[in-house]
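Trainee: Could we go through the charged side chains together, and could you start wherever you like?
Mentor: Gladly, let me bring it up first.

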Amino acid sequence: MELPEELASRPPRQRGQEPTATLTLEAYVRLRAELDQLKSEGRTRIAERLKIAREFGDIRENAEYDAAKNEQALMESRIRNLERMLRDPEIIEAPVDADAVGPGMLVTVRPLDEDEPEDETYLLADSAEERARGARTITTTSPLGSALVGARKGDEVAYDAPGGTFRYQVVEFQPYTG
């Protein structure tokens, strides 16, 4: 796996130092691009919105200004979160083949408690920031995700949630290759 220069040249982690996130290289590149876009175009766009909103008059009773400030706060929060995650991530590769469900896999499950069940496909990942076209992402720490880890084709898994106990059958799973 060819790492970007900023990852390849970073110093090794100190003993006991945890990675800031666990990501695939694809997710890292996508998040780095999002961060760069937010810090440049995003901040410029918000600054322009604030400038225009200030021209509407008194900012104490200006809904447009309040909306722009709220959007700015959300964007700055996302920037800080991305900077934290991308500071020193662990870059992982999706498994090439596996006998059981694990992170980095597309998992198709069938609900067992529905009259007309429709198969659902999820990307099981260590980070909620991972994406796969046509699949929702679930993390290995979510109730369904933790129930799926280690399951095999044909296995039934269940998890408890506020709405009750949900049961699924694992229809198939395969490594997500992007």
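Mentor: Let us begin with Arg49, which counts as partly exposed because its relative accessibility is 24%, and please keep in mind throughout that this is a predicted model.

Trainee: OK, which residue does Arg49 form a salt bridge with?
Mentor: The partner is Glu71, and the closest N and O atoms of the two are 2.1 Å apart. Arg49 lies in helix H2 (residues 25-54) while Glu71 lies in helix H3, so this salt bridge ties together parts that are 22 residues apart in sequence.

Trainee: And Glu71, how exposed is that one?
Mentor: Glu71 has a relative accessible area of 25%, so the residue is classed as partly exposed.

Trainee: How many salt bridges are there in the whole structure?
Mentor: A search of the whole structure turns up 14 of them. As general background, side chains of opposite charge can pair when their charged atoms come close.

Trainee: Switching to Asp88, which residues does it pair with?
Mentor: One salt bridge joins the side chains of Asp88 and Arg10, at 3.1 Å from N to O. That pair links distant parts of the chain, with Arg10 in the loop between helix H1 (5-8) and strand E1 (22-24), and Asp88 in the loop between helix H3 (63-87) and strand E2 (90-92), 78 residues apart. Asp88 also forms a salt bridge with Arg13, where the closest N and O atoms are 2.9 Å apart. Since Arg13 lies in the loop between H1 and E1 and Asp88 in the loop between H3 and E2, this second pair ties together parts that are 75 residues apart in sequence.

Trainee: So is Asp88 buried or exposed?
Mentor: Asp88 counts as buried, because its relative accessibility is 10% and the cut-off for buried is under 20%. Its partners are classed otherwise: Arg10 is partly exposed at 26% relative accessibility, and Arg13 is partly exposed at 27%.

Trainee: Which residues are joined into one network with Arg10 and Arg13?
Mentor: Asp88 and Glu90 belong to that network, which is built from salt bridges that share partners.

Trainee: New topic, then: which residues gather in the patch of negative charge on the surface?
Mentor: That patch brings together Glu114, Asp115, Glu116 and Glu118.

Trainee: Where is Asp115 found, and why does it count as exposed?
Mentor: Asp115 sits in the loop between strand E3 (105-111) and strand E4 (120-125). Asp115 counts as exposed because its relative accessibility is 80%, and the class calls for over 50%.

Technical notes. Residues are numbered from 1 along each chain as its sequence is written. This is a predicted model: local features need pLDDT of at least 70, side-chain atom pairs count only at pLDDT 80 or more; totals for chains, interfaces and linings use all residues. Side-chain values use heavy atoms; hydrogens and water are left out. A salt bridge is a side-chain nitrogen of Lys or Arg within 4 Å of a carboxyl oxygen of Asp or Glu. Helices (H or I, at least four residues) and strands (E, at least two) are DSSP runs, numbered from the N terminus. Buried means under 20% relative accessible area, exposed over 50%, partly exposed in between (1.4 Å probe, protein chains only). Patches are made of residues with over 30% relative accessible area and no salt bridge: like charges are joined within 9 Å, nonpolar side chains (Val, Leu, Ile, Met, Phe, Trp, Tyr) within 5 Å. Accessible areas come from the Shrake-Rupley method with a 1.4 Å probe; for residues, only the protein chains shown count as cover. Lys and Arg count as positive and Asp and Glu as negative; His and the chain ends are not counted. The place of a charge is taken as NZ of Lys, CZ of Arg, CG of Asp or CD of Glu.
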